[in-house]
Amino acid sequence: MRRELHAEWTKLRTLPGTGWLLASVVALTVGLGAAADALAGCPWRGCGHDPARLALGGVQLGQAAIAMLAVLIISGEYGTGLIRATLTAMPRRIAVLAAKATLVTGLALASGSLAVLGALLAGRLILPGSGFTAEHGYTLAADGPTLRAALGSVLYLALVGLLGLGVGAAVRDSAAAIGVTLGLLYGTAALPYLVGDPDWQRLLWRISPMNAGLAVQATRDLAQLPLGPWQGLGVPAAWAAAALAAGAVALTRRDA
Amino acid sequence: MSAGAAAPYRSRLPAARERFAHLVRAEWTKFRTVRGWVAGAVAATLLTVALGLVIAAGSHSSCGAGPVETACPAPPLGPGGQAVEDRFFFLHRRLEGDGAITARLTAMSGVITYPPPGHDRIVSGLVPWAKAGVMVKAAARPGAPYAAVMLTGRHGVRMQHDFTEDVAGRPGGVSQHAPRWLRLVRAGDTLTGYESADGRSWSRIGTAQVAGLTAAVEVGLFVASPGDLTVKPGSAGGSIVQARFTQASAVFDHLAVEGRTAGAWQRTEVGDDEAAMTDWERFHRANGAAESGGVITVTGTGDIAPRLDGLRTEMLVTGALPGLIVVIVVAVLFVTAEYRRGLIRTTLLAGPRRGRMLAAKALVVGAVALLAGLVAAAVVLPAGQAILRGNGVVVLPVPQLTQARVALGLGALLGLAAVLAMALGALFRRSVAAVVAAIAAVVLPYVLATASVLPEELAQWLLGLTPAAGFAILQSLPRYPQVTWHYAPAEGFYPLPPWAGLAVLAGYAALALGLAAWRLRGRDT
């Protein structure tokens, strides 16, 4: 496994796109979060916004860069034919996939931590100016729920990476793989709000990886969420596990 | 040895000029012979239809009277065929033929139940569009044609007719020292509204042609007060809209009806719904009219306006997001696959004018996506509406032309998104970067604006400035300044008018296409 990790890390490290993608995870997450912080208003007590979700809202954009990195790490090799060299040098295919998964997780955790820290810092600086003050009862405090939101967001980004890797291994064609990954994330997110029946709404919300996964960012009105914060994070985890399993099967059963 | 050089070989075929139609045909042949791309176009159509049907099947409504569940009553329809709110208190009598009604308004007050921030008290006050004044209406039933001159809570005197029309008179409120005289004159189908401060010098507000008035109409005093609206972000995304009961009272005197009247004054609670009556109406102050010595106090609740609360037609096609993503992937591959396989060199050898090659590709992929959208809309709109009717859900009716615009709009949205995605593919030459860029430009802003916890202000910016502005073409109901409503993208109201929104998307597609053509000219393949 160490050999595989070293080889994969060398490949990834020497690609110019990797650094850009990781930087854009941070930039996009912090940027959109800051825009949301600045544009939101909390003019009176009980305005209803969740300051942690506002500050960390940029994760919804930043995850696209993680997904892109994860999809490319495997389907990019199919595109160039490099996968044949990879599998000749390292015939243990599951170990190759595991090495790639480890790298994706590590990079997502690293860039996600930076992004989340930056977004929370931006929130601390900007939100009070938008009316999120102690007297309105809405502050972005450094307490347990905010910590959970931050930690959960980083884990969510890692799960998005694993989902992208699994889909990339299963689908192989990079355009189709990124389409499937972003389709799962974004395509299913708006559906619950278009359906009238509350039971259907909750069902569609629960199976959508982005809606359910980002429940981990909630710090207020937790009882109104269709799933608890950590349970919610279980939904993208289940999607990622299914995608990785499908990817592993495809990788071992098919010719490269 | 012969002195002359051998004549070079020349083909006997006539020299063919590179015609644009040939380029389009070549691109179409490429598209239809790649199985995955055709499957993608079909899948986009099927996904859109399937999700539209899921949305329809997942919407039920029933109105219970105790344990018995019954179908909800359809809202009344106005003269224009649109669903309307028509609930108010009406003190009226019959007028046969032409005539006029005049009244002096000396006071207007009201109550608002449990408003923010405390949500714990009943306060006195008027909502901005509380209405009190004089009215001529074809009949005292909901939805009947009417014209009215009224004072509103915060928008001064207005003349309104047939639910959608609204003309402003003078601003300001009313008090004992500054009464407002209101007058409405009927001559056939023509109604003219006047107002005055003293009852002697009158100024005309406006004239309305009200079709559908019979010879005998109902004239009288009315009061309505729409619900007070607060919007809160929902914890699971979206927003929670709360409407609170309000009631208004107005004091009139100098009431005079000119013309041939018949019968006595009648009191009617137009559009009354016994089940919707609040405890306030039941136990504190009922709606009604009381007279003492020529002074008449009328109390009412409700609204006389277009109805915006209900299921919108276009909700059936906004499930098109996954279909849109499939279209984007196919459109990107349509050009990046040529680079991957080296086919682009053959393509440009056969048709060396690169801009024209790109235009042909845009035409083919745009037309395919347009067709996919049109077919999906043609299936899902009627089928979804039939399912909704079966589930007892009232779909707010829209004119045929609007219905056609929504269907055409879905096609145009998919077509332009495909052109934009194809152009990004030609610009980046890398399929993943192009797919991510196109999804981030077209799909993501819509998701962030409608399904996230991000603030509505951001949603307005996103759907005004990004290519996702094109979703505005799907909006089926217009905004009404005279109706207090949650006009947000999540409720189907976009910051730009429908065609302007589509024009923004078209502009981005044209810009990307232009950039791609420029880059293509300057680079080797």
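This is a short talk on chain B of the model above, with a brief stop in chain A.

Before we start, this is a predicted model, in which local features need pLDDT of at least 70, side-chain atom pairs count only at pLDDT 80 or more, and totals for chains, interfaces and linings use all residues. Residues are numbered from 1 along each chain as its sequence is written, chains are lettered from A and ligands numbered from 1 in the order in which they are written, and side-chain values use heavy atoms, leaving out hydrogens and water.

Let's begin with chain B as a whole. Its secondary structure comes to 10 helices and 19 strands; here helices (H or I, at least four residues) and strands (E, at least two) are DSSP runs, numbered from the N terminus. Why do we call chain B more spread out than a compact globule? Because its radius of gyration is 31 Å, well over the 24 Å that the globule rule gives for 525 residues. That radius is taken over C-alpha atoms, and the rule is 2.2 Å times the number of residues to the power 0.38. Along the principal axes, the C-alpha trace of chain B spans about 130 × 50 × 40 Å.

Buried residues make up 53% of the 525 in chain B. Buried means under 20% relative accessible area, exposed means over 50%, and partly exposed is in between, with a 1.4 Å probe and protein chains only. As for contacts (heavy atoms within 4.5 Å), take those in chain B between residues at least 6 apart in sequence: 75% of them join residues at least 24 apart.

Now for some strands. How many of the nine residues in strand S13 of chain B are buried? Eight of them are, so you can think of S13(B), residues 216-224, as mostly covered. Two strands pair if DSSP finds at least two bridges between them. Strand S4 (residues 88-113) of chain B pairs with S13(B) in the antiparallel sense over eight bridges, and there B:Phe89 has B:Val223 as its bridge partner. Strand S6 (residues 131-137) of chain B is also antiparallel to S13(B), over seven bridges, with B:Val136 opposite B:Val219.

Further along we meet S18(B), residues 295-300. Five bridges join S18(B) to S16(B), and the two run antiparallel; B:Ala248 is partnered with B:Gly300. Strand S17 (residues 288-292) of chain B pairs with S18(B), again antiparallel over five bridges, and B:Glu291 has B:Ile296 as its partner. The hairpin of S17(B) and S18(B) has two residues between the strands, and B:Gly293 in that hairpin takes a positive phi near 60°.

Which residue other than glycine in S16(B) has a positive phi? B:His254 does, with a value near 50°, and its place is in strand S16, residues 246-270. B:His254 counts as partly exposed, at 46% relative accessibility.

Finally, over to chain A. A:Arg172 has a positive phi of about 75° although it is not a glycine. You'll find A:Arg172 in the loop between helix H7 (144-171) and helix H8 (174-187), and it is buried, at a relative accessible area of 16%. One residue touching it is A:Ser75: leaving aside neighbours within four places in sequence, A:Ser75 is in contact with A:Gly168, A:Arg172, A:Asp173 and A:Ser174. A:Ser75 sits in helix H4 (residues 59-80) of chain A and is buried too, with a relative accessible area of 1%.

Thanks for listening!
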